[in-house]
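Work through the following exercises with the sequence and the model side by side. Each task is followed by a solution that goes step by step.

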Amino acid sequence: MEFSQYNVNALMYITPRPELVFTEGSGMWMSDHNGKRYLDFLQGWAVNCLGHSPQCIQDALIAQSKKLLNPSPAFYNAPAIELASMLTANSCFDRVFFTNSGAEANEGAIKLARKWGQLNKAGAYEIITFDHGFHGRTLATMSASGKPGWDTIFAPQVTGFPKADLNDIASVEQLITDKTVAVMLEPVQGEGGVLPASREFMQALRALTKKHNILLIVDEVQTGMGRTGELFAYQLSDIEPDIMTLGKGIGGGVPLAALLCREAVACFVPGDQGGTYNGNPLITAVGIAVLKELLAPGFMASVKEKSDYLSKALLKLSEKHGLQGERGEGLLRALKLGSDIGAKLVEAGRDMQPFGVLLNSPRPDLLRFMPALNVSIEELDLMLGMLDSLLTQIMTQIKK
């Protein structure tokens, strides 16, 4: 089927897209409507933590679809209880509320913090967030985000989100007032350019929030579920936050997210929070299957091993082509290009023959890598070889 035969104009225009219709996926690979294959280092923006269409998700969907799809969130269901129990058993949290997206989980975290502030902090409601942070696309989570320009797109914003600077504890402390109820951050600012919060900063932030009796919220929509080499990124800093949000990897490609909190913070009462599809057995059964894979012996060790391998290989590429190094945590990494050639590399990678490579450039001078956590060393080498060729090609064009 030719691209022109697809009525793409039936879809609302939200972003420029290449003239490709993806039709199949398996592991690290996707195929388009022409049958061309692509090595995928986006994986749905870190969503497909086990790659495209993994067997465990296929099996979970088929098995659960024959039992029960959605009895209503007004009733308990067995997969939701099991997944919540697995998450609390493997984290510092005690309670879980399932949502359909990371933005909805973050919106719930904001509501939970404000409710806690009403009960414990004389109505304090402000949540300190960070420049270049990204927390979602609802009005409240856009307001919490520090993405440049987002304060004017759908103005007026939701108030109550003063912005500090990542890894600058003084910038946080000077924003704390009697209105402050929490500090909220991504342990690694993915959209902001794969900027990790340092261990020292995370520990200082935990101490500061305890000192002022305010909550610490970690947005682990992108960093959670093994992405950084630990099951949750907060574990890298040996701290225990009060609230955590999950998304992306928890569903491995299906719309599942979660809001977790410690018992002392779990202050919602009936009517405060709810939903229609949240925690339905079809989707939470997938979450169980994904988490079992991540918790299998040796899995997280293999993520760390491949992370180290990718980091060292990106540094070698950087040295070879005169770039500015690499950064990141686990299998969420970035190559610092030093010039605005990101878009050219993405397009040229997609156009490579006989197969392409899908890359991401969240900033013009940066490439971001988010492979499946079970990517093989051979697939990392294949991407690195293709990227080496692309860099040689682009650099040659620039020098002419």
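**Exercise 1.** In this predicted model, decide whether E191 is buried, partly exposed or exposed, and then find the residue with which E191 forms a salt bridge.

*Solution.* Begin with the surface: the relative accessibility of E191 is 24%, and because partly exposed residues lie between the limit of 20% for buried and that of 50% for exposed, E191 counts as partly exposed. Next, look for the partner, which is R368, with the closest N and O atoms 3.6 Å apart. This distance fits the rule, since a salt bridge needs a side-chain nitrogen of Lys or Arg within 4 Å of a carboxyl oxygen of Asp or Glu. Then place both residues: R368 belongs to strand β17 (residues 366-369), while E191 sits in the loop between β8 (188-189) and β9 (195-196), so the pair ties together parts that are 177 residues apart in sequence. Finally, R368 itself counts as buried, at 1% relative accessibility.

**Exercise 2.** Find the salt-bridge partner of E329, and determine which parts of the chain the pair ties together.

*Solution.* The partner is R199, and the closest N and O atoms of the two residues are 2.5 Å apart. Since E329 lies in strand β13 (residues 326-329) and R199 in helix α8 (residues 199-211), the pair ties together parts that are 130 residues apart in sequence. As for the surface, E329 counts as buried at 13% relative accessibility, whereas R199 counts as partly exposed at 33%.

**Exercise 3.** Describe the salt bridge between E230 and K304, and then name the residues that salt bridges with shared partners join into one network.

*Solution.* In the pair of E230 and K304, the closest N and O atoms are 3.2 Å apart. The two residues link distant parts of the chain, with E230 in the loop between β10 (215-220) and β11 (243-246) and K304 in helix α10 (residues 299-321), 74 residues apart. The network, in turn, consists of K147, E191 and R368, joined by salt bridges that share partners.

**Exercise 4.** Which residues of helix α2 (residues 55-65) are buried, and what covers them?

*Solution.* The buried residues of α2 are C56, I57, A60 and Q64. Because they cover an arc of only 95° around the axis, they lie on the same side of α2. Their cover includes α3 (78-89) and α9 (281-295).

Terms used
Residues are numbered from 1 along each chain as its sequence is written. This is a predicted model: local features need pLDDT of at least 70, side-chain atom pairs count only at pLDDT 80 or more; totals for chains, interfaces and linings use all residues. Side-chain values use heavy atoms; hydrogens and water are left out. Buried means under 20% relative accessible area, exposed over 50%, partly exposed in between (1.4 Å probe, protein chains only). Helices (H or I, at least four residues) and strands (E, at least two) are DSSP runs, numbered from the N terminus. The arc is that of the directions from the helix axis to the C-beta atoms. Contact means heavy atoms within 4.5 Å.
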